[in-house]
Amino acid sequence: YLPLNGELVLASGAGFAAFDGSWDPGCDSGATVRFADAEHYAWFDPTLWQAVSPDGELEPSGRIFSVDEERVPCHYDNVIFQPETSFRVNTDSSQRVIHLRSISLMGQVTGTSCPDKSGCACGNAPDGHRICSALLRAPGRQCPALMCQSPLQPLGHCCGVCGAIVSLDFTPDFDLQKYQDRLVQGLLSQPKYAGVRMAISKVHKAQTFLGAIPRSSTPLIQIVLIDDRAGAQTGTAAEQLAADLIEDITQHGEALGISSGKMEVATGSTFSGQVGSHALSRITAEILGLLSSLLLLGGILFLYRTGKLRLPALRVPRPWDRAEDVASPEPASDKGFDNPMFDVEPPSADLGEEMPQKMAPKDHQVFYLNPLYDANETET
């Protein structure tokens with residue numbers, strides 16, 4: 001029986017004919033055919049995509065893997081729909097256009113490759129929630145139970161991981177492909193790291209003000225390291241590889257175009273933590289600078305409160321003052337200003353009667369009292 005919403009895909013040159021129901025000795029009783037539900041195919045479902053090599057062959061699952069957002073075609077990836085096949089895919093997206101380098105579908109549309117040698121971010125972050133929903137909504141696709149005490153959360157990944165994450169700040173001289181080859185050939189290929197897998201890519205990390213207010217995003221190179229060890233040893237091989245990677249950055253980072261690096265670790269025997277290379281000294285310097293600023297402000301406040309420091313009063317001109325100045329210009333000899341920072345003895349009680357006479361203006365003038373001057377604080 002043909003389902004009402006079924007679809008037959010025939011090879012080139014094939015024919016189709018209906019049968020009237022009479023028995024044909026060349027036919028057996030047949031078998032049940034189950035059609036897949038094409039209505040639920042989604043572009044942002046990572047399980048529907050397979051990575052292929054440039055010659056079109058499926059790439060075997062090896063030492064390099066991708067975080068979940070990068071398992072869906074990125075902005076500079078090539079997409080191939082197999083010939084003589086039919087697909088119906090839901091392309092709902094948070095973006096107005098799904099960008100690709102090229103797509104082969106009954107022909108080919110070409111685009112541009114990534115123009116930056118330091119790599120390009122995948123661009124699927126706005127649809128990250130769609131990717132994780134498609135990945136985890138089916139039974140049996142829940143995030144696995146992890147053995148580490150405080151799992152890490154890589155950017156662009158739906159589930160936490162045990163192991164290590166290395167984050168790199170880079171300069172314009174950094175080359176992502178060359179650096180990946182260096183890690184694979186120099187570190188990952190060592191026998192002691194046989195069970196370690198790596199994901200490396202450029203990502204954008206959100207920056208916040210005071211840890212809460214979104215400010216901007218900063219590009220960085222994210223390296224995710226996981227291993228196949230179990231129990232208390234979970235993530236320990238990845239941790240060791242991350243430490244060797246940080247040591248290599250300390251020695252050769254400038255030549256590689258890496259300005260700083262830090263790593264986060266979560267294993268079966270320890271809580272997650274952070275260790276940095278020369279990024280740590282930079283953070284320490286920033287903290288010391290902040291503490292110095294706070295001490296300076298505290299010293300100024302202490303001197304002011306004890307009366308040993310006086311701040312000048314600010315006179316804000318007002319429209320009616322300017323009108324009075326125009327109407328009654330002051331003589332040239334009266335245009336001086338008292339120095340509020342000049343240290344003089346406070347007026348005594350005996351001069352209380354003389355002060356109004358000395359301060360009496362010759363003409364109509366406006367005087368301003370210093371709101372920061374407190375005689376009581378000076379006397380104490």
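Trainee: Leaving aside neighbours within four places in sequence, which residues is I223 in contact with?

Mentor: Keep in mind that this is a predicted model. Once those sequence neighbours are set aside, I223 is in contact with A164, I165, V166, L168, Y179, L183, M198, A199, I200 and L245.

Trainee: And how should I read a list like that?

Mentor: Start from the general idea: in soluble globular proteins, nonpolar side chains tend to be buried together. Here, the largest nonpolar core has 27 residues, and Y179 and I223 are those with the most contacts inside it.

Trainee: Which elements give two or more residues to this core?

Mentor: They are β4, α2 (176-188), β5 (196-209), β6 (213-227), α3 (236-256) and β7 (258-266). Of these, α3 gives the most, with eight residues.

Trainee: What does the second, separate core include?

Mentor: That one has eleven residues, among them C148, V161, A199 and A266. You've met A199 already, as one of the contacts of I223.

Trainee: C148 is a cysteine, then. How do I read the disulfides?

Mentor: A disulfide is a covalent bond between the sulfur atoms of two cysteines. In this model the count comes to five disulfides. Number the bonded cysteines along the chain and the pattern is 1-4, 2-3, 5-8, 6-9, 7-10.

Trainee: Where does the partner of C148 sit, and is C148 buried or exposed?

Mentor: C148 is joined to C162, with an S to S distance of 2.1 Å. Both cysteines lie in the loop between α1 and β4, so the bond ties together parts that are 14 residues apart in sequence. C148 and C162 are both buried, and with -85° about the S-S bond their link is left-handed.

Trainee: What about C143 and C159?

Mentor: Their sulfurs are 2.0 Å apart. The torsion about that S-S bond is about -80°, so this disulfide is left-handed. C143 and C159 are again in the loop between α1 and β4, 16 residues apart. Look at the exposure, though: C143 is partly exposed because its relative accessible area is 37%, while C159, at 10%, is buried.

Trainee: Why does the disulfide of C74 and C122 tie together parts that are 48 residues apart in sequence?

Mentor: Look at where the two ends sit. C74 lies in the segment before β1 (78-80), and C122 in the loop between β3 (108-110) and α1 (128-136), so the bond spans those 48 residues. The S to S distance is 2.0 Å, both C74 and C122 are buried, and the link is left-handed, with -90° about the S-S bond.

Key
Residues are numbered from 1 along each chain as its sequence is written. This is a predicted model: local features need pLDDT of at least 70, side-chain atom pairs count only at pLDDT 80 or more; totals for chains, interfaces and linings use all residues. Side-chain values use heavy atoms; hydrogens and water are left out. A disulfide is a pair of cysteine sulfur atoms within 2.5 Å. Helices (H or I, at least four residues) and strands (E, at least two) are DSSP runs, numbered from the N terminus. Buried means under 20% relative accessible area, exposed over 50%, partly exposed in between (1.4 Å probe, protein chains only). A nonpolar core is a set of buried Ala, Val, Leu, Ile, Met, Phe, Trp, Tyr and Cys residues joined through side-chain atoms within 4.5 Å. Contact means heavy atoms within 4.5 Å.
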